[in-house]
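Colleague: I'd like to go through this model with you. Can we start at the ligand?

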Amino acid sequence: MSRLIVVSNRVAPTQEGRPAAGGLAIGVLDALKETGGVWFGWSGEIVSEAAPPVIDQQDSVTYATVGLTKRDYDQYYRGFSNATLWPAFHYRNDLARFDRQEYAGYLRVNVTLAKQLKALLEPDDIVWVHDYHLLPFARCLRDIGVTNPIGFFLHIPFPVPEMLRTVPPHEELVKCMCSYDVVGFQTEADRQSFVDYIERGGHGSTSDDGIVHAYDRFLKVAAYPIGIYPDSIAKAAAQFADRKVVKSLRDSMRDRKLIMSVDRLDYSKGLVERFQAFERLLQNAPGWHGRVSLVQIAPPTRSDVQTYQRIRQNLEGEAGRINGRFAQLDWTPIQYLNRKYERNVLMALFRLSQVGYVTPLRDGMNLVAKEYVASQDPEDPGVLVLSQFAGAAEQLPGALVVNPFDLSQMAEALERALSMPLAERQARHADMMGPLRENNLSVWRDTFLGDLRRVANASSVTAKAVKLADATAGR
Ligand code: ADQ
C-alpha cells in the first residue's frame, strides 16, 4: 500500500503546548503506523531563520517538523489563519481583520512548506492535508510539479457564500482548494456551502455523487464527520474515577448536581452566553440555589491574539458577577478553571456530572460533546445539552438541542436535563451510543483515505471527470 503523508499546521496536533492524546492525533497516527509514512508540519517553535525539516524516525513513522520565523508566525499563524480565517469561518466577521501583508505571509509559508515537503515525497505517496492554515497547500505543490493524490480535510465550519465573501481573497482561496483531489468537510451543511459558492458564483458544477468540476479541475467533495472511540473513552472514564481530582470534586459536590463544560477558551465556544443562561436558570428557579453548580474548564489558547485576551476578561467578569449575585457561604454557583486536565481525568469528570453543557455559537464538530456521551455510565447517564450550531448536533439525536443565542431556551433545557427521569436519560444515551460506535474515528479516517486512494488508483474521479467533461461538451 502506498505511504501516507499527513500535513497539518502542528505535528501530532497539540491543544497548544503539549502532545495531545486527542482524537485526531490517535486516528491519524494509527493510519500512519499501518502504512508507514510521514507527518509533516510546524514544530511549534519560533526560530531565528528558516531551516530544513528536523527528521525524527520512530518505527515506520517519520516526523518531519520545521520552525517558523517570528515574521512567519505573526503573518501566517497569528495573522491570516487566526485573525482572519478563524473568525470569518465561525461567522464572526465582526472580529475578523484583513491585512494584505499577513495574507502574503500566509501564502509564502504555504509555498515554503510545500517546497520542503516535496523533497520528502516519493512517487506513489498519498498526501492528506489538514485544516484552514493550509487551504492553498495543494496548489503550491501542484505549482512545483507534484502530481500525487492530495486530499484536504477542514476541521472547522465552511461558511455560507455571503460570509465567505467577507474574506477579501475568497475566490483565490476556493480556487486553491480545487487543486485538491478530495475535499472533506465535517457536515453536510459545510459541504453544501462550498458547493453553493462554486455553483452560484458560476465557477463550476457538481454531479450527484459529489464530483465538483471547477477551475479546470475535478475533485470529490463530501462530508466526513470526525468521530471518537466511544468504548475506549467509556473505559477510561470508569477507570479514572478514583483519581484525586475526581474524588475531591465528587466529595465537594455532596448531593449537589453538577453541570460540566470543557472547551478551549475561544469566542466561538459561546462561554459568556452559557454563563448567562445558567444565571437565568438560577434567577427563574430559586429551588436550584445551593443544589447545582456549573464547572467550566477552559484553558487559554492563542493568548497573543488580541480578541482572545478580551474573551478571557469578559468571562472572568461574568463568572465573578454571577457568583457575587447568587453565592452562599457554602455554595459557589460557577467554578471557572483556567487550565488543562489530563484527557482521561476529563472523561471521569464528565461521568461524574449530571449535565454536559456544550453550547458553541459555531463549531466544526465539537468532540467534547461526543466524549461527554461516551463517558457516561449507561445505567445512570447524564444528559447532553448541545448547541444546534455544533457539527455534532447532526449526529447526536438524544441530546437536548438548543439555540445558544436564546438564553431562556438554554435555561429551560438545563432545568429539563437536571430533572430528567432515569428511563428517558437511558433511552437518550442509548440513541447516541449507536451512531457514535458506527461512525467512530476509524470510520472517518478510512472513509476519507478510501476516497483518496480511489483517486490514486486512477479512479472513479477520473472516470467521472471524463464523463462530466463529455456531458459538458455535449457529446
Ligand atoms: P477544537 O476547537 O479544539 O477542535 P473540540 O472538537 O471540542 O474543539 O476538541 C477539543 C479536544 O480537546 C477534545 O478532545 C477535548 O477533550 C480536549 N480538551 C478541551 N479542553 C481541554 C482541557 N481543558 N484539558 C484537556 N483537554 C481538553 C477543532 C474544531 C472542532 C473539531 C475538532 C476535530 O474547532 O470543531 O471538532 O477540531 O476535528
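Colleague: Which side chain has an N or O atom 2.5 Å from an oxygen atom of the ligand?

Modeller: That is D363. I count a polar contact as a pair of N or O atoms within 3.5 Å; within protein, one must be able to donate a hydrogen and the other to accept it, and residues adjacent in sequence count only if both atoms are side-chain atoms. Before we go on: this is a predicted model, where local features need pLDDT of at least 70, side-chain atom pairs count only at pLDDT 80 or more, and totals for chains, interfaces and linings use all residues. Residues are numbered from 1 along each chain as its sequence is written, and side-chain values use heavy atoms, with hydrogens and water left out.

Colleague: Which residues offer a polar backbone atom to the ligand?

Modeller: Y341 has one 3.0 Å from a ligand nitrogen. N366 has one 2.9 Å from a ligand oxygen.

Colleague: How much of the ligand does the protein bury?

Modeller: 91% of the 700 Å² that the ligand exposes when taken alone. Areas come from the Shrake-Rupley method with a 1.4 Å probe; for residues, only the protein chains shown count as cover.

Colleague: Which residues come nearest?

Modeller: H155, D363, M365, L367 and E371, out of 23 around the ligand. Near means that a heavy atom of the residue lies within 4 Å.

Colleague: Which helix gives the largest share of that shell?

Modeller: Helix 13, with three residues. Helix 12 (343-352) and helix 13 (367-375) each supply at least two. Helices (H or I, at least four residues) and strands (E, at least two) are DSSP runs, numbered from the N terminus.

Colleague: And where does the ligand lie relative to the domains?

Modeller: Between domain 1 (4-227 + 440-470) and domain 2 (230-438), because both give residues to the shell. The bounds come from an automatic or database domain assignment.

Colleague: New topic, backbone. What is the phi of D131?

Modeller: Positive, about 80°, although D131 is not a glycine. Most residues other than glycine have a negative phi.

Colleague: Where is D131?

Modeller: In the loop between strand 5 (126-130) and helix 4 (137-143).

Colleague: Is D131 buried or exposed?

Modeller: Buried, because its relative accessibility is 12%. Buried means under 20% relative accessible area, exposed over 50%, partly exposed in between (1.4 Å probe, protein chains only).

Colleague: What about R254?

Modeller: R254 also has a positive phi, about 45°, and is not a glycine. R254 sits in the loop between helix 9 (244-253) and strand 11 (257-262). At 59% relative accessibility, R254 counts as exposed.
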